[in-house]
Amino acid sequence: MKKKAIRINTLKIEIDKLIKNLEDKGYILEKINYCDYGFFVNENGRNIAHEIEHWLGYFFIQDASSMLIPIILDAKKDDLILDLCAAPGAKTTQIAQMMENNGCIVANDVREDRIKALSFNLERCGVLNTIVTMLDGVKFLKKCNIKFNKILLDVPCSGTGVYEDVKITENQIKRLTTLQKALLKNSFNCLDKDGYVVYSTCSILKEENEDVIEYCIKKFGLETVEIKNFERYNLKESFLENTYRLEQPYQEKFFVCKLMK
Ligand SMILES: C[S@@+](CC[C@H](N)C(=O)[O-])C[C@H]1O[C@@H](n2cnc3c(N)ncnc32)[C@H](O)[C@@H]1O
């Protein structure tokens with residue numbers, strides 16, 4: 001059983017004010033230790049998704065693990081960030097919040113239905129610093145002449161870290177890992193020389209995680225870099241240097257690493 005969590009959207013409301021509103025309605029909030037604006041929520045028989053504050057974009061319902069990825073990306077006010085597989089925008093809206101609506105994000109996704117959800121969420125959350133594009137990620141990276149200083153690759157994956165009963169065939173894994181490698185390889189065409197890429201999946205499969213990274217290190221000369229303070233984020237270092245897994249009870253399982261060239 002997962003613990004529901006919310007991220008308070010500081011683009012729209014102060015943290016204390018929303019906590020008071022929700023506690024007055026009977027919700028019990030418990031702070032997530034690595035995120036000042038993230039809270040586990042005990043709904044006490046209610047449904048927080050139905051609250052007006054949700055529709056107004058005062059908070060985003062987001063798994064606690066997912067909140068960690070923009071923190072690792074370390075989004076800053078003057079960044080130019082590419083979020084290549086962005087829909088429905090949980091992480092994009094958090095990145096915009098961390099940038100206080102400064103700098104610029106390009107948020108891309110390949111699926112029209114998911115782009116609609118992304119655009120809706122950007123609007124709901126009062127995000128003003130984001131341009132939305134709809135392209136296959138590999139095509140985007142091959143065509144784009146802009147150099148970003150940070151790129152988030154929250155790649156399509158099997159979802160085995162979220163749903164325990166996912167049935168996935170070897171062929172599907174092969175297709176996914178081919179795409180994951182192509183996205184990672186080509187992301188470096190669009191990266192500033194001092195920039196970095198954060199690669200993340202919500203998969204527990206080694207094929208989509210360490211194996212993809214190891215392949216790209218050997219084949220394309222990419223390097224993983226340490227995620228500072230990883231213990232503070234409850235991350236466990238994996239067998240491949242500077243790659244990490246988040247496997248906390250009641251949360252989605254994630255794999256994450258930071259890469260440079
Ligand atoms: C893990 S989800 C992203 C979740 C999102 N980052 C968030 O935090 O809300 C992966 C996304 O990759 C998109 N995707 C799949 N194939 C793609 C491709 N070839 N190029 C770009 N995006 C792709 C999917 O439509 C999906 O929205």
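Two strands count as paired if DSSP finds at least two bridges between them. Helices (H or I, at least four residues) and strands (E, at least two) are DSSP runs, numbered from the N terminus.

The model is predicted: local features need pLDDT of at least 70, side-chain atom pairs count only at pLDDT 80 or more, and totals for chains, interfaces and linings use all residues. Residues are numbered from 1 along each chain as its sequence is written, and side-chain values use heavy atoms, with hydrogens and water left out.

**Exercise 1. Find the bridge partner of Lys 31 in E3, then describe the pairing of E2 with E3.**

Step 1. Go to Lys 31; its bridge partner in E3 is Phe 39.
Step 2. Now take the whole pair: E2 and E3 run antiparallel and are joined by five bridges.
Step 3. Check the connection. Two residues lie between E2 and E3, and the strands form a hairpin.

**Exercise 2. Give the strand order of the sheet and explain what is left open at its edges.**

Step 1. The order is E2-E3-E1-E4, in an open sheet of four strands with antiparallel pairing.
Step 2. Strand E2 (28-32) and strand E4 (59-61) are the edge strands; each has a single partner, so one side of each lacks a neighbour in the sheet.
Step 3. Look at the E4 edge. Strand E1 (residues 5-8) runs antiparallel to E4, with three bridges between them. Ile 8 stands opposite Phe 59 in E4.

**Exercise 3. Place helices H3 and H4 against the sheet.**

Step 1. Fix the terms. Contact means heavy atoms within 4.5 Å. Axes are lines fitted to C-alpha atoms, for helices over the stretch in contact; angles run from 0 to 180 degrees between N-to-C directions.
Step 2. Helix H3 (residues 64-73) packs on the sheet and touches E1, E2 and strand E3 (35-42). Its direction makes about 170 degrees with that of E3.
Step 3. Helix H4 (residues 90-98) lies across E1, E3 and E4, at about 35 degrees to E1.

**Exercise 4. Describe the interface of domain 1 and domain 2.**

Step 1. Set the bounds. The domain assignment, automatic or from a database, gives domain 1 (5-61) and domain 2 (65-260).
Step 2. Count the contact residues: 21 from domain 1 and 24 from domain 2.
Step 3. Take the buried area, the accessible area (1.4 Å probe) that two parts lose on being put together, summed over both. Here it is about 1,700 Å², and carbon and sulfur atoms give 57%.
Step 4. Find the main contributors. Leu 11, Tyr 34 and Phe 60 supply 45% of the area that domain 1 buries against domain 2, more than any other three residues.
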